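Welcome, and thanks for taking a look with me. Below are a few numbered points to help you find your way around.

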Amino acid sequence: MSSKIKISSIRLENYRQYYDIQTIEFPDRDDGFVAIIGENGGGKSNLLNAINWCFYKKEPHKNKNQGYAIINNKYLDSLKNGSIANMSVQIDLQNGDDQYRISRVLKVIKNEYEYENIGSSSNSKLKMTDAQGYDLPWGCEVIDSKSTFEILKREKKQQSFHPDPRASPDVIMNEILPQSLSSYFILDGEFLEKFWEGIQKVELGVERISQLHLLNTTIGHLGQLQKGIPKIGKQDIDKLTQLISINEHFEDSLDENANENFSKRPRFDYDPQVDPYEFYHATGKPLIQELELDMKKMYEKSQKIAEQFGSSGIQAAKLLQNEFKEEEIRYRESSSAEKEAEKQYFSSYIDNLPLFLLKPAIEYSIKIVDDLRAKGYLPYEAKKIFTNDLLDLGKCICQNDLQSNIVGGQETNSARLAVIKVRDSMALDQGLDGSVKMKYHFEEKMLGDFEKFTTNCFDNPRRVLYEARNKSLKHNKKLKEIKTKLENVGSADIAKLVEEHTYIIDLIKETQKEIDDITHKLKQNEIKSKEYKNERKNLMNKDNKSKKIAFQQNIWERITEIFEKTYSELKEEIRKQVQSKTMEIFLKTMYKKDQFKDFIIKSDYSVELFDNENKSMLGSLSAGESLFLALSFISAIRDVTGYKFPLIIDTPLGRVSGQPRYLLSQALPDYLPNEQVIFLATDTEFLDPNRNIHENGKLPEKPFGELLEGSIKMQYYLISGMQDKIAKILPYNPRWRKNK
Amino acid sequence: MSEEEIRFPDLNYGENNKKQYEDLIISEWSPFFNHTIWEVFIFCMSYAFAKKLSLTGSPTGTTKGINAKVLSQPTRYLMRTLAIQHYQDIKVIKDSTKVAKICEQYANAGIQELYPRLLNKPSEVPPEQFFIDLQKEIIEHNI
């Protein structure tokens, strides 16, 4: 994967509403941003589809193509039956010094169309079909053998493009811009809006873009190598191998033949489109994963039931509907906040109470260190430097001669010998030097401000936990009250819904309990397996036949340890860098920046944003704030990893207006300097001054594009021609440039 | 890293205490649930020190269940301060084996009082109350 990638041009030939050949040339990376302006339904999303289709043969926004066939309708209509239609998307990419020309071509035979009647017999509509995944008029056929995907390369001093013989186009494409990261450079509104739901996007960003996943995959392979111990023929050793294997099979839900093991219990609300299996795995991590997914479904279902209260036709229930739904969300949020606060509370006490308990010993030790320092005995390193300096100088501070005088290979200057003796005798104290660092550590951590230490480590986590618990209890109580009210409405339907709702809530609790039980069992197994492995290692080391295997295993274990250590150190480093950079960038874009205190990426990649009272804010961010935070995170990842890929942002400002919009226009050029940024936006988003009116009226009432131009060059394209249902892309100059 | 750091020995929490340690990290009733053995070890050690428990000797067995690699520098500092106070001599920190041994004895005494205390805690008392009570108790104990 290279670090600087730029899209040089896009060429569309009869792709969906884009008629004939439409080309967009992009400026150099340091020549500013590009905005492609188009009305809703004008072809912006299909431009994203075109890029995705060209790179990966996927169209993620297919539902937005509004009846356009994959090949332009006007062009197809112009062909005679039996003709071959051409559609292609070609993208030129610059990757460091190399140029790539990526082109995907679709060939289709046009046959006679079919129409279907709608309503009266005089109205008819073109019948469409799904031909190998492409929506085409009925009767058209894809010619697979002539449809192509090609990547040509031009190196720095070459004049023309040549095929790259190293690998297949798909492999090369994945090297240049991996599909798994596509959602990171082609950012649509939906992706950004739901950015903070779940941990997958954060994990993907940190692990994949920094390439940490490669280390993780290696650790996985090493794990497999460690598992592969054959039967030795010694009963005691083989028995242990078998026990270890049983635990591993439990963990991965495998049967005795190492095939996936399923239970007979069907999945909750099984959906063949989403769930790969109809039944739950029997044990271990796969089962936990399925149960966690199904818990989400259960929550959704409970919410749907709450909504049905309102459609039951009973006035009283209707009035309670919103109250119930809102309260349920509040309860769920407060319940998860309580769990998190509990976790923080225990971690803080377990980490810090030992310091509190050992305070007298710490104070005693520091007093000794201070005394030794006052007497000049510590640190030893300083004394060593001092005596060595005297010896190099050849003169003592008392003016005694310390010059070396070697006779017959022996030092004869007795004064010099005495100093050397003193220096060497002090080496015995070298081990005490660490105590100076120890002193500084405890002074910084605890003794410097003991009250602050107890407040931060004990009082605050306790307060946060109690507050979270009270909040959760309050919402739970309120929820029960609303349920009782609903039941009292007296309708059989309502009673049934309430009953169903209660069932789902109980099921959620049971599922959570089941997850906890399996986690517990896995933990026990892990401890047992560790013991078995140690015992087996000892036995194998004593047995000549298996010594070699034990030796190999030992090596795998050591290598794994090194990899795991490296992985965890790198992960920690990158995580912390991204965390602080995200906050730095985010604050630049925020109007009320004082309210945000900390942005935290935890080791499991869940994230938190805290306010000044250490309350979680992530769930209550406005759409604009959430978008800014996501953009800040993406920008931070790019900054920390140095991996620069083009950023295509679809409808970036749809839900942002006023002050936040102004701040974004000021911050974007700063935090995405020398980056290729392509906006796909509506004219109201980019060109309309009315979207920038601010409450205090002090900030400039200018269109977003003009505000951006205050600090960065902008190039515009306009998608036009939609009145004739064919899209054309033309360069464009907005009206504020008239007088410039 | 100094030679002494590299040589820091693995720790033995004792065959006699194995079940108790494991129970504490895998049981939901325990405040150490989902934490690690070494954290329990350090906690027990500090607890025994603060409560001035009498040392009953080293834990049994020779299994070095806690790999020294998991002990961070601040954790080792804690262990060293305990050893300095115990021996009333700072030079003890030059001998990490001696530091480890005395910490093992304190942890051994600590777990034997802490574990039954946690196990017999009435179930209606929430797990977090344990730390609050313990902190109060130590403050009163040392007044």
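1. A word on terms before we start: a helix here is a DSSP run of H or I with at least four residues, and helices are numbered from the N terminus. Please also keep in mind that this is a predicted model.

2. With that in hand, take Gln344(A), which sits in helix 10 of chain A, the stretch covering residues 315-357. Is Gln344(A) buried or exposed? Neither label fits: its relative accessible area is 42%, and partly exposed is the term for values between the 20% and 50% cut-offs.

3. Gln344(A) also has a partner worth finding in the viewer. Val464(A) is 120 residues away from Gln344(A) in sequence, yet their C-alpha atoms are 9.2 Å apart in space.

4. Now turn to chain B. It has six helices and zero strands, so to speak an α-α-α-α-α-α pattern when read along the sequence. Chain B has 143 residues, and 54% of them count as buried.

5. How do the contacts in chain B spread along the sequence? Taking those between residues at least 6 apart, 73% join residues at least 24 apart. On the outside, chain B exposes about 6300 Å², with 53% of that supplied by carbon and sulfur atoms.

6. Finally, look at helix 6 of chain B, residues 129-142. Its 14 residues reach 20 Å from first C-alpha to last, close to the 20 Å expected at 1.5 Å a residue. Which residues of helix 6 of chain B are buried? They are Phe130(B), Phe131(B), Ile132(B), Leu134(B), Gln135(B) and Ile138(B). As general background, an α-helix has 3.6 residues a turn, so residues three or four places apart point the same way.

Note on methods
Residues numbered from 1 in each chain as written. Chains lettered and ligands numbered in written order. Predicted model: local features only at pLDDT ≥ 70, side-chain atom pairs only at ≥ 80, totals over all residues. Heavy atoms only, no water. Helix = DSSP H or I, 4+ residues; strand = E, 2+ residues; numbered from the N terminus. Buried < 20%, exposed > 50% of the residue type's maximum accessible area, 1.4 Å probe, protein only. Contact = heavy atoms within 4.5 Å. Areas by Shrake-Rupley, 256 points an atom, 1.4 Å probe, with all protein chains shown as cover. Expected span 1.5 Å × (residues − 1).
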